[in-house]
Amino acid sequence: MHAILVPSRVLAVLLALSSALALAQPQKAPAAYAPSEGQEGKDVVWVPTPQALVDKMLDMARVTPRDFVMDLGSGDGRTVITAAKRGARAVGIEYNPDMVALSQNNARKEGVSQRATFMQADLFETDFSRATVITMFLLPEINLKLRPKILQLKPGTRVVSNTFTMEKWQADQTATLKDDEGCTASWCTALLWIVPARVAGSYTIPEGQLALRQEFQMLSGTLRTANGPETVAGRVRGEEISFTAGGREYRGRMNGKALELR
């Protein structure tokens, strides 16, 4: 067999044509990230909240365009996107960067990326102080770790959880959706808490000396009047306070550290 000698200029042309033909072949687009239910995360596995329950949680929190919503462990972004569709500014906190990118893309598709944003961050290192509403679907032990931080938020901040509790901090409202209400999954209960003002202490009111003890939103204590001590029982809802003593009902609000009764 004889070798065929090809001039170098011709060889260069042939190589260029070969490269061009290779580039002209259809290229496979990289596969879009698709999370799988139950996949491992930093603190919890990912399970999506049913859309019907997302709507119920935001209804219970009475989300409006005036709100700043923070979703803790935002996953695919559906809660943040739904809040943004209601006109609220909403931020998702998510540790998985692939989930963050997916959420951002979902927000663009829904036309709400100006109001719905996502941060790759650790829940325990995130500042929640701007939030008026917090949503979450986390395990009870994570809720408990976050509870002290949440209780330091501005009184009246609304906190809504899918299914899981805050243990001794009892929910102010609970709702469970049924199959005919659009929730056929296992995770169909919404729990709402209103961050209570800190009201424990002693106050002088026209009826006498009021001493209040507080456990989360529940109040107990004593009102000492001219007729003797009366047992106090009541609760706090944000800055609003109500209690009974001696068969009489009292209502008012906390203004900073001052108790204002009506």
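Me: Why is Phe 137 called buried?

Reply: The relative accessible area of Phe 137 is 16%, and the word buried is used for values under 20%, exposed for values over 50%, and partly exposed for those in between, as found with a 1.4 Å probe on protein chains only; Phe 137 therefore counts as buried. This is a predicted model, in which local features need pLDDT of at least 70 and side-chain atom pairs count only at pLDDT 80 or more, while totals for chains, interfaces and linings use all residues. Residues are numbered from 1 along each chain as its sequence is written, and side-chain values use heavy atoms, with hydrogens and water left out.

Me: How many aromatic pairs does the structure hold, and what makes the pair of Phe 137 and Phe 164 a stacked one?

Reply: There are six aromatic pairs in the structure. In one of them, the rings of Phe 137 and Phe 164 lie 6.1 Å centre to centre with 20° between their planes. Rings of Phe, Tyr and Trp (for Trp, its six-membered ring) pair if their centres lie within 6.5 Å, and planes under 30 degrees apart count as stacked, over 60 as edge-to-face and the rest as tilted, so Phe 137 and Phe 164 meet both the distance rule and the rule for stacking.

Me: Where in the chain do these two rings come from?

Reply: Phe 137 sits in the loop between strand S4 (133–136) and helix H5 (140–151), and Phe 164 in the loop between S5 and S6, so that the pair links distant parts of the chain, 27 residues apart; here helices (H or I, at least four residues) and strands (E, at least two) are DSSP runs, numbered from the N terminus. Phe 164, with 17% relative accessibility, counts as buried.

Me: How do you know that the rings of Trp 169 and Phe 216 are stacked?

Reply: Their centres are 6.1 Å apart and their planes stand at 10°, so the pair is stacked. This pair, too, links distant parts of the chain, since Trp 169 is in the loop between S5 and S6 and Phe 216 in the loop between S9 and S10, 47 residues apart. Trp 169 is buried, at a relative accessible area of 1%, and Phe 216 also counts as buried, at 18%. The backbone of Phe 216 has a phi near 55°, which is a positive value in a residue other than glycine.

Me: What makes Cys 183 and Cys 188 a disulfide?

Reply: Their sulfur atoms are 2.0 Å apart, and a disulfide is a pair of cysteine sulfur atoms within 2.5 Å, so the two cysteines qualify. The structure holds one disulfide, and with -90° about the S-S bond this link of Cys 183 and Cys 188 is left-handed. Cys 183 is buried at 1% relative accessible area, and Cys 188 counts as buried at 7%.

Me: Why is the contact of Asp 67 with Arg 158 called a salt bridge?

Reply: Side chains of opposite charge can pair when their charged atoms come close. The term salt bridge asks for a side-chain nitrogen of Lys or Arg within 4 Å of a carboxyl oxygen of Asp or Glu, and by this rule the count comes to 10. For Asp 67 and Arg 158 the closest N and O atoms are 2.8 Å apart, so the pair satisfies the rule. Asp 67 lies in the loop between helix H2 (51–60) and strand S1 (68–72) and Arg 158 in strand S5, so the bridge ties together parts that are 91 residues apart in sequence. Both Asp 67 and Arg 158 are buried.

Me: What makes Arg 248 and Glu 207 a salt bridge, and how do you know that these residues are partly exposed?

Reply: The closest N and O atoms of Arg 248 and Glu 207 are 2.8 Å apart, so the distance is within the limit for a salt bridge. Arg 248 belongs to strand S13 (residues 248–255) and Glu 207 to the loop between strand S8 (201–205) and S9, so the pair ties together parts that are 41 residues apart in sequence. Arg 248 counts as partly exposed at 43% relative accessibility, and Glu 207 is partly exposed at 25%.

Me: How do you know that Lys 149 lies over the face of Phe 128?

Reply: Lys 149 is at 4.3 Å from the ring centre of Phe 128, and a charge sits over a ring if NZ of Lys or CZ of Arg is within 6 Å of the ring centre and within 35 degrees of the ring normal; the distance therefore falls within the limit, and Lys 149 is listed as lying over that face.
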